[in-house]
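This report looks at how aromatic rings, strands and a helix are arranged in one chain. Please keep the sequence and the structure in view while reading.

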Amino acid sequence: MKTYEFKSIDSFMQTISKGVSVFYCCTSWSSACRSQQQVMTMVALLHEEQATVFQADMARFPELGTYLAIQSVPTTVIFENGVEVKRLIGCQPAEKLHAVIGAVTPSLRFDGRDEAKSLSV
């Protein structure tokens, strides 16, 4: 998972403009974010060819949190070609994240059998 230090909203917009981008919005002080970290790292590895997964620390760049209307962390926001297509608030199981990303990227579908073993945290 890429941890990206955005310098501006423009750099964020440029980053999400092409393909599928998954933004894991978190803070370093949140215990929920720390527990979700392992799941997000696994999801990033599973989807490295279909989507780019970013970690964005809302405490370091609060303007991005305001721009995205992040009201609690962790929040995962999925963009396709610059358009938000899904928002998940709170900790999410790997299977759910995998299915949601699979729905956005038609080349990957989750049937819940073989992949579920590799998703256990």
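## Terms and model

A residue is called buried when its relative accessible area is under 20%, exposed when that area is over 50%, and partly exposed in between. The model described here is predicted.

## The aromatic pairs

The structure contains five aromatic pairs. In one of them, the ring centres of phenylalanine 12 and tyrosine 67 are 6.1 Å apart and the planes stand at 75°, so this pair is edge-to-face. Because phenylalanine 12 belongs to helix H1 (residues 9-16) and tyrosine 67 to helix H3 (residues 62-67), the pair ties together parts that are 55 residues apart in sequence. The two partners are not equally accessible: phenylalanine 12 is buried, with a relative accessible area of 0%, whereas tyrosine 67, at 44%, counts as partly exposed.

Phenylalanine 23 and phenylalanine 79 form another edge-to-face pair, with 5.9 Å from centre to centre and 85° between the planes. This pair links distant parts of the chain, since phenylalanine 23 lies in strand E2 (residues 20-26) and phenylalanine 79 in strand E4 (residues 75-80), 56 residues apart. Phenylalanine 23 is buried at 0% relative accessibility, and phenylalanine 79 is buried at 4%. Through ring pairs, Phe12, Phe23, Phe54, Tyr67 and Phe79 are linked into a cluster.

## Strands E2 and E3

Strand E3 (residues 52-57) has five of its six residues buried, so the strand is largely enclosed by the rest of the structure. Strands E2 and E3 run parallel and are joined by six bridges. Within this pairing, phenylalanine 23 has phenylalanine 54 of E3 as its bridge partner, and both of these residues also belong to the aromatic cluster.

Between the two strands, the chain passes from E2 through helix H2 (residues 31-46) to E3, in a β-α-β crossover that is right-handed.

## Helix H1

Which residues of H1 are buried? They are Ser11, Phe12 and Ile16. Viewed down the axis of H1, the buried residues fall within an arc of 130°, and they therefore line one face of the helix. On the face turned away from this buried side, H1 carries the exposed residues Asp10 and Gln14.

The buried residues of H1 pack against E2, H3 and E4. At the N-terminal end of H1, serine 8 acts as a cap, with a side-chain oxygen 3.4 Å from the backbone nitrogen of aspartate 10.

Note on methods. Residues are numbered from 1 along each chain as its sequence is written. This is a predicted model: local features need pLDDT of at least 70, side-chain atom pairs count only at pLDDT 80 or more; totals for chains, interfaces and linings use all residues. Side-chain values use heavy atoms; hydrogens and water are left out. Rings of Phe, Tyr and Trp (its six-membered ring) pair if their centres lie within 6.5 Å; planes under 30 degrees apart count as stacked, over 60 as edge-to-face and the rest as tilted. Helices (H or I, at least four residues) and strands (E, at least two) are DSSP runs, numbered from the N terminus. Buried means under 20% relative accessible area, exposed over 50%, partly exposed in between (1.4 Å probe, protein chains only). Two strands pair if DSSP finds at least two bridges between them. A crossover is right-handed if, with the strands pointing away from the viewer, the path from the first strand over the helix to the second runs clockwise. The arc is that of the directions from the helix axis to the C-beta atoms. Contact means heavy atoms within 4.5 Å. A polar contact is a pair of N or O atoms within 3.5 Å; within protein, one must be able to donate a hydrogen and the other to accept it, and residues adjacent in sequence count only if both atoms are side-chain atoms.
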